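Biologist: Hi! Could you walk me through this model before I set anything up with it?

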Amino acid sequence: MEEIEGPLFLTLLVKRFWPGCPIPVDLLFMWLAVLLVMVFALTAAIRCRLRPAGAQNAFEMILDAVADFTLKFIGKDGFRFLPLFFTLFLVILFSNLLGLIPGFKSPTANLNINAGMALVVAIFPQYVAIRHRGILGYLRSFCGPPYWLAPLFIIIRVIEQLARPLSLTMRLFGNIMAKEILLGILVYLMTMFFFSHDIASRLLFPVPFLMRPLVILLGVLVSVIQALVFTSLSMIYIGEAIHEH
């Protein structure tokens with residue numbers, strides 16, 4: 001995608017100030033997304049007011065929405081995991097939205113980064129389940145009920161646990177990569193039509209130019225939905241670890 005949309009901002013900076021940098025550019029963009037989340041949180045917290053405005057208002061609106069989803073999927077017991085859910089939602093949201101800025105790229109269009117977050121979301125509920133039920137109760141949950149079908153249930157449950165990080169990774173990667181490819185194709189078409197010597201191609205130049213804002217709006221919607229889906233599934237997994245039914 002970098003060849004289609006042009007050089008990336010961080011790639012130019014690294015080549016200028018740190019030649020031979022061993023850190024992948026996708027990881028640099030992920031760190032940038034985390035940094036933006038920290039700046040957003042600090043901006044909202046520096047001037048806390050009884051009547052919130054600006055960054056504090058947006059911060060509290062997002063926090064209330066994540067808290068409502070936590071209450072819906074887990075219950076009041078899930079509020080102790082609210083910092084995890086809130087941070088996860090913001091980091092994924094900022095990462096998804098970065099790709100909509102010219103010269104930037106969504107780090108969530110990288111399988112490795114998505115797999116890292118998915119492994120955290122998939123492994124942490126196992127730890128919660130062991131602490132909540134004990135090791136014997138945790139192992140018993142793989143066996144049924146009915147427990148006379150334990151061999152079959154063990155296979156199904158193991159496949160289910162292994163499929164969770166895979167589905168989380170591929171779902172986020174597929175949707176964000178599709179957005180990145182679509183934006184890149186529009187840039188390619190605009191460039192091709194603009195520099196074409198064919199009159200018909202010149203007349204088609206406004207089509208991808210007018211479509212780009214619509215694709216960007218669709219990209220914003222997809223970014224929010226995918227961050228919400230990823231966070232909601234993490235809530236469901238932890239909720240299953242806490243509640244036996």
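Modeller: Happy to; we can go from the overall fold to helix packing, salt bridges, the surface and a few distances. Keep in mind that this is a predicted model.

Biologist: Good to know. How many helices and strands does the chain have?

Modeller: The count is 9 helices and 0 strands. Read along the sequence, that gives the pattern α-α-α-α-α-α-α-α-α.

Biologist: And what does the C-alpha trace span along its principal axes?

Modeller: About 75 × 50 × 40 Å.

Biologist: What share of the residues count as buried?

Modeller: For the chain of 245 residues, the buried share is 39%.

Biologist: Let's talk packing. How do you usually describe two packed helices?

Modeller: By the angle between their axes and the distance between those axes. Take helix H5, residues 82–98, and helix H9, residues 206–242: their axes come within 9 Å and cross at roughly 155°. H5 is therefore roughly antiparallel to H9, since angles over 145 degrees fall in that class.

Biologist: Which hand does the crossing of H5 and H9 have?

Modeller: Right-handed.

Biologist: Switching to charges, how many salt bridges does the structure hold?

Modeller: There are 5 salt bridges in the structure.

Biologist: Which residue does Arg157 pair with?

Modeller: Arg157 forms a salt bridge with Glu160, and their closest N and O atoms are 3.0 Å apart. Both residues sit in helix H7, which covers residues 150–194, and they are 3 residues apart, about one turn of the helix.

Biologist: How far apart are the closest N and O atoms of Arg164 and Glu160?

Modeller: In that salt bridge they are 3.2 Å apart. Because Arg164 and Glu160 are 4 residues apart in helix H7, about one helical turn separates them.

Biologist: Are those two buried or exposed?

Modeller: Arg164 is buried, with a relative accessible area of 6%. Glu160, at 29% relative accessibility, counts as partly exposed.

Biologist: What about Glu180, which residue does its side chain meet in a salt bridge?

Modeller: Lys179, with an N to O distance of 3.1 Å.

Biologist: Why do Glu180 and Lys179 both get classed the way they do?

Modeller: Buried means under 20% relative accessible area. Glu180 has a relative accessible area of 2%, so Glu180 is buried. Lys179 has 5%, so Lys179 is buried too.

Biologist: And which residues are joined into one network by salt bridges that share partners?

Modeller: Arg157, Glu160, Arg164 and Glu240 make up that network.

Biologist: Now the outside. Which residues make the nonpolar surface patch?

Modeller: Phe9, Leu13, Phe17 and Trp18 make it, and the patch is about 440 Å². Phe17 belongs to helix H2, residues 9–17. With a relative accessible area of 62%, Phe17 is exposed.

Biologist: Let's jump to the other end of the chain. Where is Ile242 placed?

Modeller: Ile242 is in helix H9. At 4% relative accessibility, Ile242 counts as buried.

Biologist: How far is Ile242 from Gln126?

Modeller: Their C-alpha atoms are separated by 9.9 Å, with their positions 116 residues apart along the chain.

Biologist: And where is His243 found?

Modeller: His243 is in the segment after H9. Its relative accessibility is 30%, so His243 counts as partly exposed. From His243 to Ser232, 11 residues apart along the chain, the C-alpha separation is 16 Å.

Biologist: Back to H7 for a second. What can you tell me about Leu189?

Modeller: Leu189 lies in helix H7 and is partly exposed, with a relative accessible area of 25%. Leu189 and Phe173 are 16 residues apart in sequence, and their C-alpha atoms are 24 Å apart in space.

Biologist: Last one: what about Glu60, which helix is it in?

Modeller: Glu60 is placed in helix H4, residues 55–73. Glu60 is partly exposed, with a relative accessible area of 32%. The C-alpha atoms of Glu60 and Ala44 are 8.6 Å apart, and these two residues are 16 residues apart along the chain.

Biologist: Great, thanks for the tour!

Methods
Residues numbered from 1 in each chain as written. Predicted model: local features only at pLDDT ≥ 70, side-chain atom pairs only at ≥ 80, totals over all residues. Heavy atoms only, no water. Patch = residues over 30% accessible without salt bridge, like charges linked within 9 Å, V, L, I, M, F, W, Y side chains within 5 Å. Areas by Shrake-Rupley, 256 points an atom, 1.4 Å probe, with all protein chains shown as cover. Salt bridge = Lys/Arg side-chain N within 4 Å of Asp/Glu carboxyl O. Helix = DSSP H or I, 4+ residues; strand = E, 2+ residues; numbered from the N terminus. Buried < 20%, exposed > 50% of the residue type's maximum accessible area, 1.4 Å probe, protein only. Axes fitted to C-alpha atoms, helices over the stretch in contact; angles between N-to-C directions. Parallel < 35°, antiparallel > 145°, perpendicular 65-115°, else oblique. Left-handed = near helix turned anticlockwise from the far one by under 90°.
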